[in-house]
Structures are given as structure tokens and as C-alpha cells.
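Reader: I would like to learn how to read aromatic rings, burial and empty space in a model. Could you take me through them with an example?
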Amino acid sequence: MTASLSSPHGSRRGRLVTFEGGEGAGKSTQIARLADRLDGMGVRVVRTREPGGTPGAEAVRRVLLAGGARSFGSAAEALLFAAARADHVDRLIAPALCDGTFVLCDRFTDSTRVYQGTAGVPAPLLAALERIALGGVTPDLTIILDVPAAVGLARVAGRAAGGPDRFEGDPIEEHEARRQAFLAIARAEAGRCVVVDATADANAVADAVWRAVRDRLPEAAAAATPVAGA
Ligand code: T5A
């Protein structure tokens with residue numbers, strides 16, 4: 001059983017696992033793999049993403065990824081990411097955690113720290129937005145999927161019919177700076193973050209992700225034991 005954690009959103013029995021990394025690192029792929037594994041073991045799980053996850057946040061996502069807020073500047077984009085996140089946390093993530101669900105989220109606050117931080121938005125402003133948006137709901141585990149920027153971009157090249165989105169089209173130097181910023185977060189918050197080499201094939205990465213979840217959140221495996229018969 002998971003331990004109860006208190007938060008401003010009430011009793012928290014589930015766990016929040018966030019996936020971070022550059023474009024094409026394999027976050028969506030690995031979240032699907034982990035969700036299938038947990039689901040098959042009898043663990044209640046929900047998959048979600050940022051920006052997005054709720055109707056309101058998905059509307060903000062469409063504006064942001066189409067570049068509709070680019071002309072306002074990076075600080076204004078950070079405000080919009082935070083607004084979407086606040087809705088996502090309030091309406092989806094916090095209730096799911098109170099319900100004892102494992103929430104697997106494709107990007108979260110580290111993406112704001114990295115993308116908007118490397119774009120020049122001051123860290124104190126980002127920290128204030130993070131406090132407001134999260135209301136005390138923080139990740140229990142963050143998996144950082146690490147690939148060289150060129151590898152990730154090659155994986156997603158030509159995928160979208162309309163061409164690269166607002167951030168995919170940035171120069172490779174910016175993508176590489178983001179990669180280094182994710183790795184710096186992992187070093188600074190080693191208790192929360194695990195870096196997984198995501199250059200390997202998807203099955204090998206999935207095994208590494210599972211090892212991280214099992215080691216850092218042993219309640220996941222424990223909760224599954226009766227169902228799995230292990
Ligand atoms: N953003 C987001 C901010 O600037 N600030 C914020 O606060 C937030 C939350 C979101 C954009 O918004 C920015 C960051 C982003 O630029 P998005 O469409 O959600 O945009 O972009 P991503 O999260 O980067 O999603 P992607 O789909 O581009 O990448 P994934 O999810 O990491 O990769 P995935 O799993 O879709 O895989 C991509 C391709 O690679 C293959 C897959 O089959 C697929 O074709 N693949 C592999 N190939 C070889 N080996 C492996 N191990 C592979 N794993 C997957």
C-alpha cells in the first residue's frame with residue numbers, strides 16, 4: 001500500500017511520475033510501456049501530458065505549440081504554461097493522486113525550468129509560477145530520458161504534416177543546451193530524478209525505466225504482487 005501524504009489538495013495516496021527530456025527522447029513511448037506494465041500488474045494508472053491533460057490546458061497547448069504566444073516573449077509563454085499546469089493539477093492530477101492512482105505525466109515543471117529558463121526567464125519568476133501552479137503537488141519521481149539532441153530531432157523529423165512546432169524548430173544548439181539543463185536538474189535533485197540513457201532500443205529503455213520505478217517507488221511493485229502472483 002502507498003503511504004498517505006498530506007498536501008493542500010487533500011490526502012495523497014497515488015504517485016506522480018513525470019517524464020522529461022528533449023524532443024523525440026521517447027517520453028510518449030516509454031509512458032505507454034510503463035502504463036501497460038503497471039496496468040497489467042493491477043496498479044491503477046492514468047497517462048497525461050503537458051501542456052495539456054484537461055480541455056482548458058489542451059486549448060492553451062494549441063496556442064503555445066502553434067507559436068501563437070511567441071511574439072509575447074518567453075516570460076509570457078511561461079505564464080501560459082503555468083496557467084495550463086494549474087488547471088491540469090487541480091482538475092486531473094490532484095484528484096487522481098487522492099484516489100490512489102499512479103499518474104504518468106509527459107513533461108511537467110522541469111520542462112518549464114529548462115525551456116523557458118534557457119530562453120532567459122529568471123529562475124525566481126519560474127519558481128514563483130511553479131509554486132502557484134502546483135499548490136504543493138510535486139513529482140515523486142522524475143525520469144529524464146537522455147539522448148543527444150541530434151538523435152531526438154532525427155526521430156521526430158518529418159512527423160508532423162505542418163512541419164516542426166514552436167520549439168522543435170529551434171536551432172540544435174538550443175536543444176543541446178536544454179539537454180544539459182535537464183542533466184543539471186538531475187544532478188541537483190538526485191533524490192527525485194533518475195537519468196535513463198534513451199539511445200538504446202525502446203525495449204531496453206523500458207526495462208531501465210521499470211528498474212528506476214521499482215527501486216524508487218517499491219510500493220508500485222508491492223501493490224502489484226497479489227495480482228501478478230509474483
Ligand atoms: N514545453 C513544454 C515548454 O517549452 N515548456 C513547458 O513547460 C512544457 C510542459 C511540447 C513542447 O512544449 C515545450 C516542450 C516541447 O517542445 P510535445 O509535442 O509534447 O511538445 O513534444 P515532446 O514532449 O517533445 O514529444 P515528442 O513526441 O516530440 O517526443 P517524445 O514523446 O519524447 O518521443 P516519442 O515517444 O513520441 O518518440 C518519437 C519517435 O521516436 C521513436 C518513436 O517511435 C517515435 O517515432 N522512438 C524511438 N526510436 C528509436 N529508439 C527508441 N528508444 C525510441 N523511442 C521512441
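Author: Happy to. Let us begin with a single side chain: at 9% relative accessibility, Phe81 counts as buried, because buried means under 20% relative accessible area, exposed over 50% and partly exposed in between (1.4 Å probe, protein chains only). The model is predicted, so local features need pLDDT of at least 70 and side-chain atom pairs count only at pLDDT 80 or more, while totals for chains, interfaces and linings use all residues. Residues are numbered from 1 along each chain as its sequence is written, and side-chain values use heavy atoms, with hydrogens and water left out.

Reader: How many aromatic pairs does the structure hold?

Author: A pair of aromatic rings is described by the distance of the centres and the angle of the planes. Rings of Phe, Tyr and Trp (its six-membered ring) pair if their centres lie within 6.5 Å; planes under 30 degrees apart count as stacked, over 60 as edge-to-face and the rest as tilted. The structure holds three aromatic pairs. In one of them, the ring centres of Phe81 and Phe167 are 6.0 Å apart and the planes stand at 45°, so this pair is tilted. The two residues are 86 apart and link distant parts of the chain: Phe81 is in helix α3 (residues 74-98), and Phe167 is in the loop between α6 (149-156) and α7 (172-188). Helices (H or I, at least four residues) and strands (E, at least two) are DSSP runs, numbered from the N terminus.

Reader: Is Phe167 buried or exposed?

Author: Phe167 counts as buried, with 6% relative accessibility. Phe167 also pairs with Tyr115: their centres are 5.7 Å apart and their planes at 85°, so this pair is edge-to-face. Here too distant parts of the chain are linked, with Tyr115 in helix α4 (residues 109-118), 52 residues from Phe167. Tyr115 is buried as well. Ring pairs join Phe81, Tyr115, Phe167 and Phe182 into a cluster.

Reader: Which charged end sits over the ring of Phe167?

Author: A charge sits over a ring if NZ of Lys or CZ of Arg is within 6 Å of the ring centre and within 35 degrees of the ring normal. The charged end of Arg166 has this place over Phe167, 4.3 Å from the ring centre. Arg85 lies over the face of Phe108, at 5.5 Å from the centre of that ring.

Reader: Now for empty space: what is the volume of the largest pocket?

Author: Rolling a probe the size of a water molecule over the atoms shows where empty space is left. On a 1 Å grid over the protein atoms alone, a cavity is a set of points where a 1.4 Å probe fits but cannot get out, and a pocket is an open set with protein on both sides within 12 Å along at least five of seven lines; lining residues have an atom within 4 Å of a point. Grid points are joined across faces, edges and corners, and a volume is the space filled by probe spheres set on the points. The largest pocket has a volume of about 700 Å³. Its lining has 33 residues, with Glu23, Lys27, Ser28, Asp106 and Arg107 nearest the centre. Arg107 is buried, at a relative accessible area of 12%, and has a positive phi, near 75°.

Reader: Which helix gives the most to the lining of the largest cavity?

Author: That is α7, with five residues. The largest cavity holds about 120 Å³ of space.
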